[in-house]
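Shall we take a friendly walk through this one together? Have a look at the fold, and then we can trade some questions.

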Amino acid sequence: MHPRVLVVLALLAAALTPARGVAGPPVGAIIAGPGGATLGYVSKVAVEPQGSPLTFVNADQLAHTVTAVDRDQDGRPLFSGNALPGTTSVVAGVDKLRAGTYSFFCSFHPNMTGTLVVQGGSGGVGASTPRFTTPLRIPRTLTGSHITLKAEQADVQVLPGRPATTMYTFGGSWPGPTIRRPVGARTTVTVVNQLPPAFGAVSLHLHGDHHSSADDGRPDDHLVAPGKARTYTFALKDAGKPERAAFSFYHDHRMDETGRNNWFGLQGMFITDDPAEAHLHLPTGAYDLPLMVADRSFDDAAQLTDPFLAQSAPPGDATTGTRTLVNGSVLPYAPVAARRYRLRLLNSSSFSSYDFHFSDGRPMVQVGNGSALLTAPVTRNDILLGPAERADVVVDFAGPLGKSVILESIARTDTRPGGIGAQATPLMQFRITKRAAQSPPVPAALMPLPALAVPVLPTMTWTLGLGAGASGTTWTVNGKPYDDMRSDTTIELGTVQRWVLVNSSPLTHFVHLHEEAWRTVSRDGRAPPPWEAGFQDTWRLDPGDVVEVAARITDFTGPFLIHCHMLDHEDHGMMATFTVVKPGQKPLLHRHSSLAAITSRYLCRVTKETV
Ligand code: C2O
Ligand code: CU
Ligand code: CU
């Protein structure tokens with residue numbers, strides 16, 4: 001056990017001993033103990049006289065927070081405090097609260113919940129209903145076959161009425177421009193790295209797409225060095241046929257720095273359209289809204305904090321933000337017509353999950369999961385999306401003019417011990433302002449799933465775990481942290497693979513497989529739920545979950561990745577390589593990059609380029 005943990009365990013014991021014979025909950029302290037992510041806070045209730053600070057004692061080996069459920073009118077939690085493993089912190093904002101009862105949770109493990117009672121007289125700050133003051137931004141759309149994206153520093157207006165935020169972007173905005181192309185239409189994307197040289201090399205990964213290894217946005221080869229450019233080619237075809245239409249995103253994937261590079265802005269959406277879907281009459285044009293949801297924290301000067309400087313080692317590494325943004329704005333609103341819309345929801349956060357829900361219980365008809373359309377629509381009340389997961393939904397904003405409805409994230413409804421919770425927070429507001437012709441209801445059948453002869457026996461098992469590393473703990477795949485010079489399996493072109501994904505660690509992971517049109521075969525030994533029963537590229541694995549996936553391996557040889565899409569986990573070892581070869585060949589792992597000397601993330605931390 002960490003020595004600091006021992007010290008804090010002593011603190012904890014003292015805090016739990018009723019002082020001066022007073023029974024009941026400890027005054028002035030919230031305590032998290034060992035196993036807190038599963039067991040919850042040790043002291044779940046604190047009673048505070050108004051005006052006094054609240055102490056948060058964290059005796060666990062994971063970082064935790066005490067974060068208010070109630071928000072101010074700008075969407076900030078009324079109070080929040082983080083404590084790294086074995087430390088104590090003061091929860092900011094508690095001393096300003098109005099008398100009353102407040103619920104709180106851990107923003108890293110939202111299933112940890114508790115209550116704060118503030119006793120006193122009048123005055124102080126209480127919860128406000130959120131104000132939606134910024135019109136929703138729709139990123140500019142690029143539709144050409146040759147696209148150039150400058151990776152550049154830009155001042156982005158993120159917080160309403162505050163100074164612009166300096167970000168590191170694709171194309172000068174966050175999200176970057178939305179790329180929108182027909183399936184099967186060859187597309188090149190040239191990335192010109194004009195970021196400050198100290199930011200270092202970047203890469204662009206088109207998540208969920210099928211393309212060559214060199215075009216995959218590799219973590220440490222084929223990088224775009226400062227001052228240089230690189231062109232990525234996406235045929236948007238699979239085995240000579242157009243790929244299925246997808247709602248996806250592109251983002252930086254640089255080794256050890258993916259979390260940092262995405263946090264500071266290197267991400268944007270990518271949509272492909274299939275004319276073969278026209279007969280479904282899903283809402284189009286102004287009625288088709290891509291929504292990228294991500295959390296970030298800002299300092300008093302409206303600049304992004306840099307959580308990567310102080311980040312702790314696994315397993316306590318979790319980058320979350322105090323503000324949740326939609327298309328790069330805090331609490332935006334969108335005027336809508338009283339009719340059906342297609343909403344494409346993307347969670348591009350580093351760590352947080354959201355359980356999407358409408359404040360009036362309005363149903364969402366899920367037609368796709370971002371990888372493809374489903375075979376049939378599924379009507380859902382809430383949709384849980386972890387990092388990199390998407391949902392393609394049709395929502396009917398039918399209602400009286402002047403009515404508004406809030407898209408929010410609610411606490412996860414099916415949490416299990418150790419399973420990640422979802423942030424409870426308002427996201428954006430839809431205001432019904434006009435009438436328009438209704439689009440037809442979603443048809444009962446969407447896209448059939450092409451047949452695939454899935455092998456009866458698994459061809460590979462990937463186990464996600466937590467292991468011992470060079471300097472403490474590390475995330476692992478099959479017991480080993482990521483090493484760009486190691487490939488864990490070689491598979492032949494033309495084969496069909498059946499892979500087993502296993503989570504043996506005590507926390508949830510969201511596993512992403514590159515390269516192929518993967519499909520879900522089973523979840524925990526049963527048929528997957530209908531929204532997972534087709535193509536998919538990212539899977540939630542709660543502790544103990546076992547998911548089987550399959551794909552035919554086509555077109556491209558070379559190294560590809562499997563990793564957790566919680567970006568701190570990815571950067572801290574939870575990534576591995578599989579190599580595709582022509583039948584009968586042996587794999588070769590080449591490294592082309594100028595970063596060749598940097599092989600360990602720990603080394604990389606030490607030599608880290610700062611922003
Ligand atoms: Cu969205 Cu390997 O990434
Ligand atoms: Cu926690
Ligand atoms: Cu993970």
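Here are some questions and answers on this predicted model.

Q: How many cavities of 30 Å³ or more does a search of the whole structure find, and what volume does the largest have?
A: Let's begin with the empty space inside. Searching the whole structure turns up seven cavities of 30 Å³ or more. The largest cavity holds about 140 Å³.

Q: Which residues lie nearest the centre of the largest cavity?
A: The lining of the largest cavity is a mix by class, with five nonpolar, six polar and five charged residues. It is made of 16 residues, and those nearest the centre are G208, D209, E243, A246 and T272.

Q: How many charged residues are in the lining of the second largest cavity?
A: The second largest cavity has a volume of about 70 Å³. Among its lining residues are A37, F108, H109, F351, T508 and M566. Divided by class, the lining has six nonpolar and five polar residues, and the number of charged ones is zero, that is, no charged residues.

Q: Between which domains does the second largest cavity lie, and why?
A: The lining includes A37 and F108 as well as L507 and M566. Residues of this lining come from two domains, so the cavity lies between them: domain 1 (3-119) and domain 2 (460-610).

Q: Is H207 buried or exposed?
A: H207 sits in the loop between β15 (205-206) and β16 (229-234). Buried means under 20% relative accessible area. The value for H207 is 1%, so H207 counts as buried.

Q: With which side chains does the side chain of H207 make polar contacts?
A: Leaving out neighbours within four places in sequence, H207 is in contact with several residues, including S248, F249, R390, T538 and H565. One polar contact, of 3.4 Å, links its side chain to that of H512. Another, of 2.8 Å, links the side chain of H207 to the side chain of D537.

Q: How far apart in space are H572 and W475, C-alpha to C-alpha?
A: H572 belongs to the loop between α4 (567-571) and β42 (575-581). With a relative accessible area of 2%, H572 is buried. Along the sequence H572 and W475 are 97 residues apart, yet in space their C-alpha separation is 6.0 Å.

Q: Is G35 buried, partly exposed or exposed?
A: The loop between β1 (29-32) and α2 (36-39) holds G35. Partly exposed is the range between under 20% (buried) and over 50% (exposed). G35 has 33% relative accessibility, so it counts as partly exposed.

Q: What distance separates the C-alpha atoms of G35 and P506?
A: Not counting residues up to four places away in sequence, G35 touches G40 and D60. P506 is 471 residues from G35 along the chain, and their C-alpha atoms are separated by 9.4 Å.

Q: Where are the prolines P175 and P315, and what kind of peptide bond joins each to the residue before it?
A: P175 is in the loop between β12 (165-170) and β13 (176-182), while P315 is in the loop between β21 (288-296) and β22 (323-326). W174 and P175 are joined with omega of about 0 degrees, a cis peptide bond. P314 and P315 are likewise joined with omega of about 0 degrees, and the bond is cis.

Q: What is the phi of A302, and what is that of L331?
A: A302 lies in the loop between β21 and β22 and is buried, with a relative accessible area of 0%. L331 is in the loop between β23 (329-330) and β24 (332-337) and is buried too, at 3%. Neither is a glycine, yet phi is positive: about 65 degrees for A302 and near 45 degrees for L331.

Q: Which backbone oxygens lie by polar atoms of the side chain of R362?
A: R362 is found in the loop between β26 (354-358) and β27 (364-368), and at 9% relative accessibility R362 counts as buried. Beyond four places in sequence, R362 touches residues including V395, F397, K403, V405 and I432. A polar atom of its side chain lies 2.8 Å from the backbone oxygen of D396, and one lies 3.0 Å from the backbone oxygen of A398.

Key: Residues numbered from 1 in each chain as written. Chains lettered and ligands numbered in written order. Predicted model: local features only at pLDDT ≥ 70, side-chain atom pairs only at ≥ 80, totals over all residues. Heavy atoms only, no water. 1 Å grid on protein atoms, 1.4 Å probe; cavity = no way out; pocket = protein on both sides within 12 Å on 5 of 7 lines; lining within 4 Å. Points joined across faces, edges and corners; volume = space filled by probe spheres on them. Nonpolar A, V, L, I, M, F, W, Y, C, P; charged D, E, K, R; others polar. Domains from an automatic or database assignment. Helix = DSSP H or I, 4+ residues; strand = E, 2+ residues; numbered from the N terminus. Buried < 20%, exposed > 50% of the residue type's maximum accessible area, 1.4 Å probe, protein only. Polar contact = N/O pair within 3.5 Å; in protein donor to acceptor, adjacent residues only side chain to side chain. Contact = heavy atoms within 4.5 Å.
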